[in-house]
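Please open the model in your viewer and keep the selection panel at hand. The tour goes from stop to stop, and each stop says what to select and what is there.

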Amino acid sequence: MQEPEKTNLYLVPTPIGNLEDITLRAIRILKEVDVILAEDTRTSGKLLQHLGIEKRMHSHHLHNEHKATAHIVDRLKAGEVMALISDAGTPGISDPGFFLVRECLKNDLKIECLPGATAFVPALVKSGFSTDRFTFEGFLPIKKGRQTRLQSLAEEERTMIFYESPHRLQKTLTQFKEYFGGERMASVSREISKMFEETLNGTLDELIQIFTTKAIKGEFVIVVQGSK
């Protein structure tokens, strides 16, 4: 009987808020691998301490991933088994991971991505908008390409999902009104799975008015209904 192919790199989702939102398999993998690649070793160190895991960690973030990836690939080819985690959620979703995965695949290294926490799925399901077809847009470009992206989405029929930071939320909602119309329905979720989790639904006009007077704190997921 042929032995299963050895996995070289595991992509392991970590909690986006509530520390209970991690799977038993994820905990086992983090205990078994040789090294954990972490977006921020300080943040991940707190999680590992909470889980009772003592493991070597190396930083792997947006600012060093291109430089560090070749060395990581060499180590994986030499037989080390690693797990990649981000500060919160699934690696590669608006977090480091894509470049490393691509290079591993080029080198015929086996990758497994565990299912687990990510912010946009709960926000989408709670919005009440169609989940049959949707597009995940992540963070919009801050400057260059922002208007072009919004113009291309103006007639998008699928439900649209965006990530946004608190200091740009009001600006983004206002731009959505400009391109999608003030009567377009939307849903804004913040602090998903955390103590102050909240979801507000309404037209873009209504949401803009709400956040004119409401304190804007936390990380946001905006879900916008499609054009039809």
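Before selecting anything, take one term along: a residue is called buried if its relative accessible area is under 20%, exposed if over 50%, and partly exposed in between, with a 1.4 Å probe and protein chains only. This is a predicted model, in which local features need pLDDT of at least 70 and side-chain atom pairs count only at pLDDT 80 or more, while totals for chains, interfaces and linings use all residues. Residues are numbered from 1 along each chain as its sequence is written, and side-chain values use heavy atoms, with hydrogens and water left out.

**The whole chain**

Show the protein chain as a cartoon, and you can look for its 8 helices and 10 strands; helices (H or I, at least four residues) and strands (E, at least two) are DSSP runs, numbered from the N terminus. The C-alpha trace spans about 60 × 35 × 35 Å along its principal axes, and 48% of the 228 residues count as buried. A contact here means heavy atoms within 4.5 Å. Among the contacts with a separation of 6 or more, 71% are between residues 24 or more positions apart.

**The open sheet**

Next, select the 5 strands that form an open sheet, in the order β3-β2-β4-β1-β5, with parallel pairing; two strands pair if DSSP finds at least two bridges between them. Because β3 (57-59) and β5 (111-113) stand at the edges with a single partner strand each, one side of each is left without a neighbour in the sheet. From one strand to the next, the twist averages 25 degrees, where axes are lines fitted to C-alpha atoms, for helices over the stretch in contact, and angles run from 0 to 180 degrees between N-to-C directions.

Within this sheet, highlight residues 35-38 and 82-85, which are β2 and β4, paired in the parallel sense over 4 bridges. One residue to label is A38, whose bridge partner in β4 is I85. Then add helix α3 (residues 65-77), which packs on the sheet and touches β1 (9-11), β2, β3 and β4, its direction making about 145 degrees with that of β4.

**Helix α2 and its two faces**

Now select residues 41-51, helix α2, and colour S44, L47, L48 and L51, which are buried. If you look down the axis of α2, its buried residues fall within an arc of 100 degrees (taken from the directions from the helix axis to the C-beta atoms), so they line one face of the helix. These buried residues pack against α1 (24-32), β2, β3 and β4, whereas the face turned away from the buried side carries the exposed residues R42, K46 and Q49.

At the start of α2, show the side chain of D40, one oxygen of which reaches to within 2.9 Å of the backbone nitrogen of R42. Just after α2, G52 takes a positive phi of about 75 degrees.

**The nonpolar cores**

A nonpolar core is a set of buried Ala, Val, Leu, Ile, Met, Phe, Trp, Tyr and Cys residues joined through side-chain atoms within 4.5 Å. Which residues touch the most other members of the largest nonpolar core? Select L173, F176 and F180, which do so among its 20 residues. At least two residues of this core come from each of α6 (146-153), β7 (159-164), α7 (169-180), β8 (185-190), α8 (204-213) and β10 (220-224), and α7 gives the most, with 5 residues. Centre the view on L173, which, leaving aside neighbours within four places in sequence, is in contact with V188, L204, L207, I208, F211 and I222. Another core, of 18 residues, lies apart from this one and has V12, L51, V81 and A83 among its members.

**Stops in the loops**

Go on to G116, in the loop between β5 and α5 (120-127), which counts as partly exposed at 42% relative accessibility. Not counting residues up to four places away in sequence, G116 touches P13 and T90. Draw a C-alpha to C-alpha distance from G116 to T23: the two are 93 residues apart in sequence and 7.0 Å apart in space.

Finally, select S94, in the loop between β4 and α4 (98-106), and D108, in the loop between α4 and β5. Phi is positive in S94, near 55 degrees, and also positive in D108, near 60 degrees, and neither residue is glycine. Is D108 buried or exposed? With a relative accessible area of 68%, D108 is exposed, while S94, at 37%, is partly exposed.

Note on methods:
Polar contact = N/O pair within 3.5 Å; in protein donor to acceptor, adjacent residues only side chain to side chain.
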